[in-house]
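Me: Please take a close look at a single part of this protein for me. Set the scene with the whole chain, then go into detail.

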Amino acid sequence: MSITESTAKRYELQDPDVRLMLEVRDDNAAAFEELMLRYQNRLINLMHHLMGRREQAEDLAQEVFLRVYRSRKSYKPGSKFSTWLYTIANNVASNARRSMARRKEVQVDGNDEGGIGPANPLDRIAKAASGQMPTRMIDRAEMGEVVRLAMETLNERQRMAVLLSKFEEMSYADIATTMGMSVEAIKSLLSRARANLKTALEPYLEQGAKPPAE
């Protein structure tokens with residue numbers, strides 16, 4: 001779909017990250033470094049949740065930035081910068097999963113070293129979930145682990161949509177653009193994801209039983 005000049009101008013005016021990317025288009029290295037500073041950790045966290053391995057997440061985040069840089073000369077803003085960036089990230093993650101499937105790799109447990117950091121979106125989900133059981137004292141780390149296991153019960157598209165919604169706080173429209181789906185399809189996808197998360201978390205909330213590890 002072609003991007004009109006008025007659309008490009010609108011996003012340039014509205015989004016400071018779009019303006020930075022336009023500077024990257026003009027070979028401003030400092031602007032590229034600034035975008036990396038703003039998004040690197042967020043991308044790594046997203047990839048970590050999607051792929052389960054920290055080292056792989058860092059490699060994939062680097063691949064995303066490489067694609068951003070290589071495509072800089074043809075960049076024309078047709079959405080918020082974050083939406084464009086996560087569309088690339090979604091494609092990179094999908095390609096990595098297909099590559100892993102072809103090699104029949106077995107994805108190891110994502111409980112590796114290197115932590116996901118205080119901005120971990122799962123912490124937010126865990127905190128919200130813990131509010132559902134006021135009579136039971138919940139260890140935050142344990143709850144985070146339970147939510148991580150629950151997230152792994154979601155299929156790839158549901159997990160991506162939840163992370164973009166909870167982690168990036170993206171709108172339905174932006175998630176739809178990122179994932180190449182309609183807004184209604186995203187609403188339905190998130191609704192099913194929330195229902196699946198609730199089902200996965202209920203045994204823990206009611207009986208303390210953790211979701212099974214994949």
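Reply: In this predicted model, 46% of the 214 residues of the protein count as buried. The accessible surface comes to about 11700 Å². Carbon and sulfur atoms account for 49% of that surface.

The protein has ten helices and zero strands. From the N terminus on, the order is α-α-α-α-α-α-α-α-α-α. Take the contacts between residues at least 6 apart in sequence: 69% of them join residues at least 24 apart.

Now the close look, at helix 4. This helix covers residues 54-70, 17 residues in total. At 1.5 Å a residue, helix 4 should span 24 Å. Its end C-alpha atoms lie 24 Å apart, so expectation and model agree.

Which residues of helix 4 are buried? They are Arg54, Gln56, Ala57, Leu60, Ala61, Val64, Phe65 and Val68. What do they pack against? The buried residues of helix 4 meet helix 2 (16-25), helix 3 (29-51) and helix 5 (81-102).

Helix 2 also leads back to helix 1, since what covers the buried residues of helix 1 includes helix 2. Helix 1 spans residues 5-14, and its Thr7, Ala8 and Tyr11 are buried. These three cover an arc of only 100° around the axis, which puts them on the same side of helix 1. On the other side of helix 1, Glu5, Ser6 and Leu13 are exposed.

To recap, helix 2 is among the elements that the buried residues of helix 4 pack against, and helix 2 is part of the cover over the buried residues of helix 1.

Definitions and conventions
Residues numbered from 1 in each chain as written. Predicted model: local features only at pLDDT ≥ 70, side-chain atom pairs only at ≥ 80, totals over all residues. Heavy atoms only, no water. Helix = DSSP H or I, 4+ residues; strand = E, 2+ residues; numbered from the N terminus. Buried < 20%, exposed > 50% of the residue type's maximum accessible area, 1.4 Å probe, protein only. Contact = heavy atoms within 4.5 Å. Areas by Shrake-Rupley, 256 points an atom, 1.4 Å probe, with all protein chains shown as cover. Expected span 1.5 Å × (residues − 1). Arc of directions from axis to C-beta.
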